[in-house]
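Reader: I have this model open in my viewer and would love a close look at one part of it. Please pick a single region and take me through it slowly, with the cut-off behind each term you use.

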Amino acid sequence: MIRAAKTSLLMLSIFISASALAEFIPKDSRVPGGVAVISLPQKGDAPPHVFFQENRVYTAKKNGEWFALVGLPLSLKEGQYQAYWRTKEGDKPFPIQVKHKAYQEQRLTVKKKHVNPDPKQLERIRKETPVIRGAMDTFKPVVYEQSSLIQPTEGRISSSFGLRRVFNGQPRRPHSGMDIAAPTGTPVLSALNGKIAAIGDYYFNGKTVIIDHGQGLTMLYCHLSRTENLKVGDQVTAGQQIGDVGATGRVTGPHLHWTVTLNKARVDPALFLDH
Ligand SMILES: [Zn+2]
């Protein structure tokens, strides 16, 4: 009797996940730091093989139609690019017209050690950078079912993606993610289903969790005051708490910094929020 009840519950949950919930697709924006959402005429359930600048691209099926989500690096110049869909008949090109986007400049004042690290701090940065990049810039042919994306924390967007940054008067890399300002201790949730790819306390990022959502889609959450008791390889579900907002690393105050990566390109998280 109990077994029968459990089985029917399982059947119900499978039914809900298969019918009511579509795969998650971000907004199309063909600018540096944007995402080109390309419809593919592929039939069947096997994920299509699509490449952009040598990197395999994330693909998802929505309402029976396949899409490639091509991350467009911030460094791209305005112009025409091509993604390639690999088929039995050969590679089929899909043109992507990338438009110019002018990102604003942002001037910030932070601790001197976070702009001009000393040799010991530089050594630490050199060790941490490949760990962080390795977790973000990867392609694992794993498909997680994604129904909807959860905003990772409640708060005000205090700094948007792509801003050209000047720290203490010195130019640095553009802003690689979105900042959501919230008081220290506000829960931080995983936006999607996935697996922990890295968790640690890093020089610039402070306490950080990086989650691999499969097929080159990764998300980084940093400057946390604390992280949950998670380890590399642990499965996480959309909406699961992974830590709390904090002010660790290179910050001016408590906030969540959230980076979204597709095919090794940092892309604007806003495209995932207002899709
Ligand atoms: Zn940030």
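**The largest pocket and its surroundings**

Author: Happy to! Eight elements each supply at least two residues of the lining of the largest pocket: the helix α2 (119-136) and the strands β8 (105-108), β9 (156-159), β10 (164-167), β12 (178-181), β16 (218-227), β19 (255-262) and β20 (265-267). Helices and strands here are DSSP runs numbered from the N terminus (H or I over at least four residues for a helix, E over at least two for a strand). Before going further: this is a predicted model, in which local features need pLDDT of at least 70 and side-chain atom pairs count only at pLDDT 80 or more, whereas totals for chains, interfaces and linings use all residues. Residues are numbered from 1 along each chain as its sequence is written, and side-chain values use heavy atoms, with hydrogens and water left out.

Among the contributors, α2 gives the largest share of the lining, 6 residues. The whole lining has 49 residues, and R173, P174, H175, S176 and R250 are the ones nearest the centre of the pocket. The space inside comes to about 1400 Å³. As for how that is found, a pocket is an open set of points on a 1 Å grid over the protein atoms alone, where a 1.4 Å probe fits and protein lies on both sides within 12 Å along at least five of seven lines; a lining residue has an atom within 4 Å of a point. Grid points are joined across faces, edges and corners, and the volume is the space filled by probe spheres set on them.

In chemical terms, the lining divides into 22 nonpolar, 16 polar and 11 charged residues. For that split, Ala, Val, Leu, Ile, Met, Phe, Trp, Tyr, Cys and Pro are nonpolar, Asp, Glu, Lys and Arg are charged, and the others, Gly among them, are polar.

Where does the largest pocket lie with respect to the domains? It lies between domain 1 (7-98) and domain 2 (105-272), because both give residues to its lining. Those bounds come from an automatic or database domain assignment. The C-alpha centres of the two domains are 23 Å apart, and 24 residues of domain 1 are in contact (heavy atoms within 4.5 Å) with 25 residues of domain 2.

H175, one of the residues nearest the pocket centre, is also a donor to the zinc ion, through NE2. The other protein donors are D179 (OD) and H257 (ND1), and the donor atoms lie 2.0 to 2.1 Å from the zinc ion. Along the chain, the donors follow the spacing H-x3-D-x77-H. A donor is an N, O or S atom within 2.8 Å of the metal (3.2 Å for Na, K and Ca), and since water is not among the atoms, a site may look incomplete. H175 is buried at 2% relative accessible area, and D179 is buried too, at 5%. Buried means under 20%, exposed over 50% and partly exposed in between, using a 1.4 Å probe and protein chains only.

Next, take β16, one of the strands that supply the lining. T218 lies in this strand and is buried, with a relative accessible area of 0%. Beyond residues up to four places away in sequence, T218 touches A135, M136, T138, I211, D212, H213, T259, V260 and T261.

The loop between β19 and β20 holds K264, a partly exposed residue at 44% relative accessibility. K264 has a positive phi of about 65 degrees although it is not a glycine. That stands out because most residues other than glycine have a negative phi. N63, also not a glycine, has a positive phi of about 50 degrees; N63 sits in the loop between β4 (58-62) and β5 (65-71) and is exposed at 71%.

To finish, look at F52 in strand β2 (residues 49-52). F52 is buried at 1%, and its C-alpha lies 6.5 Å from that of Y84, 32 residues away along the chain. Apart from neighbours within four places in sequence, its contacts include V57, L72, Y81, I96 and N263.
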